[in-house]
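User: I am new to reading structures and would like a close look at a single part of this one. Could you take me through the place where a ligand sits, and then add what helps me see the protein around it?

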Amino acid sequence: MRRQDTIVLRDLTKVFSLGLLGRKKIIAVDRVNLEIRSGEILNILGESGSGKSTIAKMVLRLLRPTKGEILFNNTNIWRMTKWKDIKEYYRRVQGVFQDPYSSFNPRRRVLDVLYDTLYNYFPEYREDKVSAKKYIAEALESVGLNINDIEGKYSHQLSGGQLQRASIARALLPKPSFIVADEPVSMVDASTRIDILNIFIDLKEEYGVSPIIIGHDYSLAYYASDRIVVLYKGQIVEEGPPEVLEDPAHPYTRLLKESVPLIDRKWSKKLEYSIGDIEVSRRGKGCIFADRCPFKKPICEQKEPPVINLGKSKVKCWLYASK
Ligand SMILES: Nc1ncnc2c1ncn2[C@@H]1O[C@H](COP(=O)(O)OP(=O)(O)OP(=O)(O)O)[C@@H](O)[C@H]1O
Ligand code: SF4
Ligand SMILES: [Mg+2]
């Protein structure tokens, strides 16, 4: 029986101060509430600037929230004081980033970096080099790489797809419960994107690792997910199973869907408007999508919409408030 781990985001908020005096404050992540259970692939979908990486960095304990909590199995990860607990959290919640070349020290051989990671979490392998090599070879095989393919090579001697696979293998070495993957396919060749997503699907099914995949591509989010969260200006506007993307309820998700060309369902063109920042002073004054919403009602500009449970999905919109 696999262990059940949970990450709970409670009112998670990040405000950045801009300008020399830090007077302009923008809300990158705005009171996000989310429960992530091991055993599922969660996809966080949003345009550029919607707060995806900021959430990932906070969950990976790289960026401190301004407000709110991140609970790992009921423990606030920012209240952990013992290095032992923090290290155990890092072991259980690993990260994979957009640019695999920036994830590997260019002066070290890729395989040596993998050994460092293994020894860091499981020092006993230092004394047993044969088992260490076997362990790493198995991790590489699970992402479709042969250890001989990377033996002796530096990161610049591997393709983007190979290196992204190696970085997923590295994330697997500590036997994590979750892998937070921030745009893991956006910098790899289009032809290998599905292969990389298939790896995440296999990791869930065969190794019990739960991927949290962050992306901006509508069709790829649909392809690899058990649950989808749609983010707009730092707020969750819709959340539900992947079918939500077939028949979205929130006007913003509908707009996203319409922007996907029907031929290949790829979101290849950018939306016509810029997403813009939301300033602290405007928060809570109404719906954040009101200035672009074709279904806007008077209340939408006056009061923040509630989150409505539609059964299969949840949606933050006044259109559903009376149902
Ligand atoms: N260190 C920072 N200082 C100030 N503002 C920041 C900082 N990091 C992010 N932001 C702002 O916070 C908002 C969310 O940024 P974030 O990087 O989380 O978006 P994203 O959804 O990951 O976008 P992309 O798809 O382009 O990666 C943006 O308005 C961004 O400009
Ligand atoms: S709350 Fe109003 S403005 Fe916002 S998405 Fe719903 S209908 Fe549109
Ligand atoms: Mg990002």
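Analyst:

**The surroundings of ligand 2**

In this predicted model, ligand 2 is surrounded by His250, Pro251, Cys287, Phe289, Ala290, Cys293, Phe295, Cys300, Pro305, Cys317, Trp318 and Leu319. When these neighbours are sorted by class, 11 of them are nonpolar, one is polar and none is charged. As for the space itself, ligand 2 sits in the largest cavity.

Away from the ligand, a single residue, Asn43, can be followed in some detail. Asn43 belongs to strand E3, which covers residues 42-46, and Asn43 counts as buried because its relative accessible area is 3%, where buried means under 20%. Leaving aside residues up to four places away in sequence, Asn43 touches Ile213, Gly215, Leu220, Ala221, Ala224, Ser225, Arg227, Ile228 and Val229. With one of these, Ala224, there is also a closer detail to look at, since a polar atom of the Asn43 side chain lies 3.0 Å from the backbone oxygen of Ala224.

Helix H1, made of residues 52-59, can be read in a similar way: six of its eight residues are buried, so H1 is largely enclosed by the rest of the structure. The buried residues of H1 are Lys52, Thr54, Ile55, Ala56, Met58 and Val59. Following H1 comes Arg61, which has a positive phi, near 65°.

Technical notes. Residues numbered from 1 in each chain as written. Chains lettered and ligands numbered in written order. Predicted model: local features only at pLDDT ≥ 70, side-chain atom pairs only at ≥ 80, totals over all residues. Heavy atoms only, no water. Near = heavy atom within 4 Å. 1 Å grid on protein atoms, 1.4 Å probe; cavity = no way out; pocket = protein on both sides within 12 Å on 5 of 7 lines; lining within 4 Å. Sits in = over half its atoms within 2 Å of the grid points. Nonpolar A, V, L, I, M, F, W, Y, C, P; charged D, E, K, R; others polar. Buried < 20%, exposed > 50% of the residue type's maximum accessible area, 1.4 Å probe, protein only. Helix = DSSP H or I, 4+ residues; strand = E, 2+ residues; numbered from the N terminus. Polar contact = N/O pair within 3.5 Å; in protein donor to acceptor, adjacent residues only side chain to side chain. Contact = heavy atoms within 4.5 Å.
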